[in-house]
Amino acid sequence: MTFCQRTVLDLALSGVLGYLIGSIPTAFLLVRWKENVDIRNEGSGNMGALNSFQVTRSRLVGGGVLLFDLLKGMGAVKLASVLIGDPFALQATAGVAAVAGHNFPIWLRFKG
């Protein structure tokens with residue numbers, strides 16, 4: 001396998017890992033656990049920390065969503081760095097893919 005092929009495979013793996021980690025719907029899961037409602041049908045319909053707080057009236061849920069969303073991005077970058085390598089391009093690919101996964105999660109039919 002040539003260096004170029006290896007680099008492309010590393011970038012693809014970094015993107016897939018980042019997307020899958022970023023696509024974990026933390027707001028959906030935490031609000032479903034706390035209030036047993038679909039956050040997409042409540043409040044503004046946005047799956048973010050502010051709407052999570054407004055729907056549940058719980059600072060713990062709103063703060064938890066914010067914290068877990070931050071950790072998803074950081075975790076995707078760190079995991080790509082540990083598993084694949086340390087080049088900036090791999091970390092950037094994982095970070096951008098995590099944001100894409102956060103905005104368009106596969107688990108919720110790409111509606112984030």
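Which side chain does Lys 72 meet in a salt bridge? Keep that in mind while I set the scene. Hi everyone! What we have here is a predicted model, and I'd like to walk you through its charged pairs and then a nonpolar patch.

Back to the question. The partner of Lys 72 is Asp 69, and the N to O distance in this salt bridge is 3.4 Å. Where do these two sit? Both belong to helix H4, which covers residues 59-83. They are three residues apart there, so about one helical turn separates them. Both Lys 72 and Asp 69 are buried, too.

Why would such side chains pair at all? Side chains of opposite charge can do so when their charged atoms come close.

In total, the count is two salt bridges. The other pair is Asp 38 with Arg 40, where the closest N and O atoms lie 3.0 Å apart. Here the partners differ in how much they show: Asp 38 is buried, at 16% relative accessible area, while Arg 40 is partly exposed, at 31%.

Now let's leave charge behind and look at the surface. Which residues form a nonpolar patch there? They are Val 16, Leu 20, Ile 24, Leu 29, Phe 104, Ile 106, Trp 107 and Phe 110, and together they have about 780 Å² of accessible area.

Let me pick out one of them, Ile 24. You'll find Ile 24 in the loop between helix H1 (3-22) and helix H2 (26-35). Its relative accessibility is 36%, so Ile 24 counts as partly exposed.

That's my tour, thanks for listening!

Terms used
Residues numbered from 1 in each chain as written. Predicted model: local features only at pLDDT ≥ 70, side-chain atom pairs only at ≥ 80, totals over all residues. Heavy atoms only, no water. Salt bridge = Lys/Arg side-chain N within 4 Å of Asp/Glu carboxyl O. Buried < 20%, exposed > 50% of the residue type's maximum accessible area, 1.4 Å probe, protein only. Helix = DSSP H or I, 4+ residues; strand = E, 2+ residues; numbered from the N terminus. Patch = residues over 30% accessible without salt bridge, like charges linked within 9 Å, V, L, I, M, F, W, Y side chains within 5 Å. Areas by Shrake-Rupley, 256 points an atom, 1.4 Å probe, with all protein chains shown as cover.
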